[in-house]
Amino acid sequence: MAAAAHQPDAVPLGDASSQLNNNPPALKCRMTRLKEVVLPLRKYAYIRWKNFMTHMVHNRACEETFHRSASNMWKKHYIPPDALAKLMLAPRFDGYMLDPRTHLYINKCLTLGYLDIPSVLAGQLKYTSLGNFATPDIDPTKEPVTRWKGSFSSDEVLFWRLAKCIGQAGTSPETPRISADVALHTVLRMATWVELFNKVFETLSKDTMRQKYDNNLRAEIESTHAAFVGLLLKVCESRAVLNALDKKVAGRCRRAIVKNLPRFISSIQVQPIAERLNMFRQKMAKYDVKKPVDGEEADDGIDSAASVMALESTSGKRIPPTNSRAGLYIYLNACLVGRPVIDDAILCNWIRNRYNPEIHVGIVDLILASFDVLSNAAFRNEHRSTAQLLRSYLTNKLPLLILNLALGLYPPTLSEFCITTALGQVDPSVFPTLTGMFDDTRNNNDFTENMREEFCFACCLHGLISQANISALLGDTYSSLPAEGKRVKAALVQECAGNSDYIVSLLASLDKTDGNVGAVCEALVEVFGELCANRDTATLKTLCSQLALQPMSLDVIQLFEKPVKLLQPLCHLLDEWRYDDEQTEYQSVYEEFGSVLLLVMVFAYRYNLSPPDMGIRSPDSFVARLIREGHLSKALYELSPAEDACLTGWIHGLFGTDTGGLSDELLASCPPQDFYLLVSTLFKNIVVANSEGCLSMEALKNGIEYLVDTFLMPSLVPAVLFLADQLSVDQEPEQQAMVNVLHMILKPKAIHTNTGKMLAAVKNLTAKPLERALRRYQRRYPTSEQVEPLLVVIKDNIPLSRRTGGADHNELESWCATPGGGLAIAVRSTIQNFVHWSTDPLAVTPTPYTHRQILVAIRRMTAQHVIRLIIDEIKVHMSHGAPALSLMYDVAIALIVSPEVTNYPEPVAQLVDDSGAMPIPTQRRLTLREVLGMKAATYKTIFRTDPVKAEIVLRLHREVEAQMAPAPVPTLMDADKALPLDTGAERAVAGADAVENLVAQAAPVEGLPETLDLMDMSMGDMGMVNGLGGSGSNLDLGTDADLFGGLGGGDDFGWDNIDVMGL
């Protein structure tokens, strides 16, 4: 019986079918044998395998046990790969998702050859949860199929596993080459999957208000889609698959995959992947192209010289320049919506190109736009952290930008004239003078209070306006120039040498609005770098602990310095931290290490920085591993012997009754890096032990209190993130244990003052993800009374937890609920409001706006869709005439060139990492500017169907590139005539400091020295002037290079970095 089952009637299909058709008795005999012998054997084998799989899963058999048992089963009861795959992937038990143990069994069957790639794809396709989104024509069946309720993560794992199988095929005897038959069947199954994903996207796009399919579900589908894209790319670039598709008999497979790929490729936002798949599609399409009939021309007329020249000449005519008030308003909102990303050189270069030659108009508009941004934030009731950032920008950053732009002014149009003109147009009801502040009818707020006079005195400090003229502008005022005068970075750095108390006082001055904060920030960043180089960990402990408690001060620092300049030396110090040979005290090492690490984690989590953003070049960096994997626990069998010993020691030290706490031997054997990477695993074992009754509540309480009230406090960050991530597990005892642990961490009964401040920093870091996890748990268990107290504890920390530019849940719901089209209509309405505001000369109050709307539209609808919306709005305004159309173009250009804080280019890429290997460039989403450039490159194709759109695309692209091109270099005469005014106070010192912002070396106010080195000014906007705005004032040439840094293909492609459309 086993032999018959093992070789079920292998007959050549071609000869057998013809012989049986010509011989009815033989056909009848054949059918009888099939019915009476073969089918019962296969049914019997299927039942045995089904019982076998149930037994294996129920007993949690290990991989080795399954290997031995499955080998015997295969010999005795043969089952086809398709049947086995469907049996293993069929819904079981609760039907929610595939048992993780089954993944191990599938991997082993793939290795043994019991399963192949097309059989697994077929089994997935039959039972996947994605099938619930598609119409029945995808997988027509006579009876309804019971599908998994949430197989997205299981599908994702299987896709990556199959991609690995294809990549390793033929590399060893255990992984044989893929046969042509398997390759062709794989292509057919992949084509069906592509069609399924197309149907899923179509279904999701219809739910514009996200009432039926929420964001969590869309995120799961996005992850599954990313894994499938990786598998599809492996299949399309496999040599075995390409050789099989090259055969004549593969026509059906080629047509199936080519038919569905175009729509699928349009859903992929990463340009390199889309291009590689499109190249494969074009190559396959060439096989089945029909040759043209004799005499038939393949010319559509589009490439004729006349039509091309007419289109280019029309689009080449520049629109009459109309610089709307909305342009700079949009750009500054984009720069300040998340972490500040103002690049002085790029912004000033854009203003010079935009307003050339009337630079003074650009300065006036820049001042007005800055006040508009502050006014808009006040009207929108933004959080106080936004108020501090915008106030600091207006008083500490804006004067430096004006000083930079003043290089292009001609007398008598000086900076004082520009400031006076701009303040005359600022709404006095929102930004009153001193006399207006006593008006009982107005409502004072933290955003606009005293901003007029503080801005004027900051400009006076930098020599942009004389102190005598401030009274004419403001009348009586209580403010004055700072008593210490204008601070200079070099003097501050020198003063900080060996004086930690003075450094702490500088940290406390970061919230000031006196115009000196820029120099303070630059000095602090340099001091941190020197302390790291000298390994002065005791001073760093004090400073990092203090700065980690000031998340709003971190926003201010980034107005003047890029985070990589501060974080790179700190990360390098943490990676290279080692015990001294004569080390005897280990607790102090843990304390110093934890303080530095806490500041790094504040930057990483608050601003969602990636390791490259922090200057980390090695993939094995401790900080990089902690950011990527710190919230993930390991299974015990995954631990190395050293890790297992450390974990055992920490468990006994925290919860043992006879160990006496954490000994020096334990701390000596487990360096801080190893401990922080084990925190999530430690808490996983704590939760499991408590849920199973192995760890009493009293012992748990004592151990957690020890962690909360000691030098181990920073370790609670990965611990709480792990608990928030795991709170959604479908095991109620463990969930209850996690909630108990969270109560002990966040609501300690007794805690020291200094430790309480550090606990507040931990809450700031974890509040946002913890709130989401607690809300999900509360919806699942609405009767639980333990969640609400935790939400109350972290309520005040939530606004300080993240500043990434991401939209709030309520904002997203309101935009998606816009009548007529949801988010797309909301974006178009915002663009229309900008144009209407710019056309109304009496409009003083800015139109309400947050750049989070554009960022979420790019994320959810892709940059291609947003560009289409902008082009459609330009089409609509073409019928309104020149003024409105010119303003519409200006608004469109501002939206396109504005930086995307959620997709910001990384710092300058290194040629090699710390190990000497070439680093894999991080994949970024396409920006609006990149998408517009791609459309402009194919304008001839667009012209075939829509000539008006082709003209708009080409014209818009040329305007964008013209405004972002390097601007003319200000001449020496311009710089001389634009020297800052004498303030009358601190005449010699203030004058010399003001010129220091224009040239590399300080010079007297009366004029420039004859020996002035002009090298710092020779590059114009590419370098500007040293000392102005810190690192932000120098254009980073790596930024534009990194614009295409993610376009590498082939061997440098990173599977873990696939970024796909936001659903």
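The exercises below concern salt bridges in a predicted model.

**Exercise 1.** Determine how Arg263 and Glu202 are paired, and where each of them lies in the chain.

*Solution.* Begin with the contact itself: the side chains of Arg263 and Glu202 meet in a salt bridge, with an N to O distance of 3.6 Å, which satisfies the cut-off of within 4 Å. Next, place the partners: Arg263 belongs to helix α12 (residues 251–266) and Glu202 to helix α9 (residues 180–206), so that distant parts of the chain, 61 residues apart, are linked. Finally, consider accessibility: Arg263 is partly exposed at 47%, and Glu202 is likewise partly exposed, at 30%.

**Exercise 2.** Which of Arg775 and Glu771 is buried, and which is partly exposed?

*Solution.* These two residues form a salt bridge whose closest N and O atoms are 3.9 Å apart. Both lie in helix α36 (residues 753–780), and because they are four residues apart there, about one helical turn separates them. Since buried means under 20% relative accessible area, Glu771 counts as buried at 17%, whereas Arg775, with 34%, is partly exposed.

**Exercise 3.** Explain which parts of the chain the salt bridge between Asp946 and Lys875 ties together.

*Solution.* The side chains of Asp946 and Lys875 meet at 2.4 Å, N to O. Asp946 sits in the loop between α45 (939–945) and α46 (947–964), while Lys875 is in helix α42 (residues 863–877), and the pair therefore ties together parts 71 residues apart in sequence. Asp946 is buried, at 19% relative accessibility, but Lys875 is partly exposed, at 29%.

**Exercise 4.** State how many salt bridges the structure holds, and name the residues linked in a network.

*Solution.* The structure holds 25 salt bridges; Arg380, Glu382, Glu811 and Arg852 are linked in a network of such contacts.

How values were computed
Residues are numbered from 1 along each chain as its sequence is written. This is a predicted model: local features need pLDDT of at least 70, side-chain atom pairs count only at pLDDT 80 or more; totals for chains, interfaces and linings use all residues. Side-chain values use heavy atoms; hydrogens and water are left out. Helices (H or I, at least four residues) and strands (E, at least two) are DSSP runs, numbered from the N terminus. Buried means under 20% relative accessible area, exposed over 50%, partly exposed in between (1.4 Å probe, protein chains only).
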